[in-house]
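This report describes one protein model, starting with its charged side chains and going on to its core, a helix, a pocket and some single residues. Please look at the sequence and the structure before reading on.

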Amino acid sequence: MADGVVLDGVLTRLVPATAADLDLLAEWFASPDFVERWDGAPKTRDEVAEKYVGRRRPRVESFLVLERSTPVGYAQYWHAGAAEGGIDMVLVAEARGRGLGPDAARALLAHLGGNLGWRRVTVDPVRGNVRAVRAWEKAGFREVPGEGENLLMEFSFAGRGRH
C-alpha cells in the first residue's frame, strides 16, 4: 500500500490503487473526457497496468479518490527530492465542481507535509482548465513563474520553506 496509509479528507477518502482497480482505471484512462484533463492521450490497458496501479512505488504513489465508497477519480504523488515532489489528479465528470478535488488535495498535502515532512509540492494544470486551476488554488496552491501550455503552481509548507 501507498506508505501503508489511507488518506481521509472531509468529503473524500484516498485509498491506494492496486491491480484490483485495473478494470476501472483502464476504462477511465480510455475515456476522452477523463484523459483530456490528464494528458490528452488515451492509455491502453497495459499502460494503465504499468503506471497507475502501484507498480512505480515508492517513487510514485497511486490512489483512487472515493466519495463515500464510490470511486470518483485518480490521484498520485511523486517524489522529486528528499522533501518535495508533485501531485497529479483527475476526477470523473460527475464529480467535478463539488469541492471533491480541493478536499482530496488537502488530504494529500496533510500526508505529504505532516507525515512525510515535505517542504514543497507542485502541480501543473493546463492553463486553459480554469476549473482545475481554481480547485488547486482552493487547496492552497499558488502560481509560480513558468513557461509552456501548463501552469506551474506550488504549495510550500509554513516553517519549512517559502509560502
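## A network of charged side chains

Salt bridges link D33, E36, R37 and R96 into a network. The model in which this network appears is a predicted one. Within the network, E36 and R37 form a salt bridge whose closest N and O atoms are 3.5 Å apart. E36 is exposed, at a relative accessible area of 55%, while R37 is partly exposed, at 33%.

## Other salt bridges

The whole structure holds 11 salt bridges. One of them joins the side chains of E61 and R57, with an N to O distance of 3.0 Å. E61 has a relative accessible area of 3%, so E61 is buried, given that the cut-off for buried is under 20%. Its partner R57 is partly exposed, with 26% relative accessibility.

Another salt bridge is formed by R127 and E143, and here the closest N and O atoms are 4.0 Å apart. R127 sits in the loop between β6 (120-123) and α5 (130-138), and E143 sits in strand β7 (residues 142-144), so this pair ties together parts that are 16 residues apart in sequence. R127 is partly exposed, with a relative accessible area of 36%, and E143 is exposed, with 52%.

## The nonpolar core

In soluble globular proteins, nonpolar side chains tend to be buried together. In this model the largest nonpolar core has 48 residues. The residues with the most contacts inside this core are L14, L25, F29, I87 and F141. Helix α4 (residues 100-115) supplies the largest share of the core, namely seven residues.

What does L25 touch, apart from its neighbours within four places in sequence? L25 is in contact with A17, V48, Y52, V53, L64 and Y74.

## Helix α1 and its two sides

L25 and F29 also appear among the buried residues of helix α1 (residues 22-30), which are L22, L25, A26, W28 and F29. These buried residues cover an arc of only 165° around the axis, and therefore lie on the same side of α1. The face turned away from the buried side carries D23 and E27, which are exposed.

Which elements help to cover the buried residues of α1? Among them are two helices, α2 (32-36) and α3 (45-51), and two strands, β3 (60-67) and β4 (70-81).

## The largest pocket

The largest pocket has a volume of about 730 Å³. It is lined by 33 residues, and the closest of these to the pocket centre are R37, M89, V90, A132 and W136. R37 thus belongs both to this lining and to the network of salt bridges described at the start.

The elements that give two or more residues to the lining are β5 (84-91), α4 and α5. Of the elements, α5 gives the most, with six residues. Helix α4 therefore takes part in the lining of the pocket as well as in the nonpolar core.

## Backbone details

Two places in the backbone can be picked out. The peptide bond from R57 to P58 is cis, with omega near 5°. P58 lies in the loop between α3 and β3, and R57 is the residue that pairs with E61 in a salt bridge.

R68 is not a glycine, yet has a positive phi of about 60°. R68 lies in the loop between β3 and β4 and is exposed, with a relative accessible area of 72%.

## Distances along the chain and in space

D39 is found in the loop between α2 and α3 and is partly exposed, at 46% relative accessibility. How far apart in space are D39 and V126, which are 87 residues apart in sequence? Their C-alpha atoms are 9.0 Å apart.

V144 lies in strand β7 and is buried, at 10% relative accessibility. V144 and R56 are 88 residues apart along the chain, and 28 Å separates their C-alpha atoms.

Notes
Residues numbered from 1 in each chain as written. Predicted model: local features only at pLDDT ≥ 70, side-chain atom pairs only at ≥ 80, totals over all residues. Heavy atoms only, no water. Core = buried A, V, L, I, M, F, W, Y, C linked by side-chain atoms within 4.5 Å. Buried < 20%, exposed > 50% of the residue type's maximum accessible area, 1.4 Å probe, protein only. Helix = DSSP H or I, 4+ residues; strand = E, 2+ residues; numbered from the N terminus. Contact = heavy atoms within 4.5 Å. Arc of directions from axis to C-beta. 1 Å grid on protein atoms, 1.4 Å probe; cavity = no way out; pocket = protein on both sides within 12 Å on 5 of 7 lines; lining within 4 Å. Points joined across faces, edges and corners; volume = space filled by probe spheres on them.
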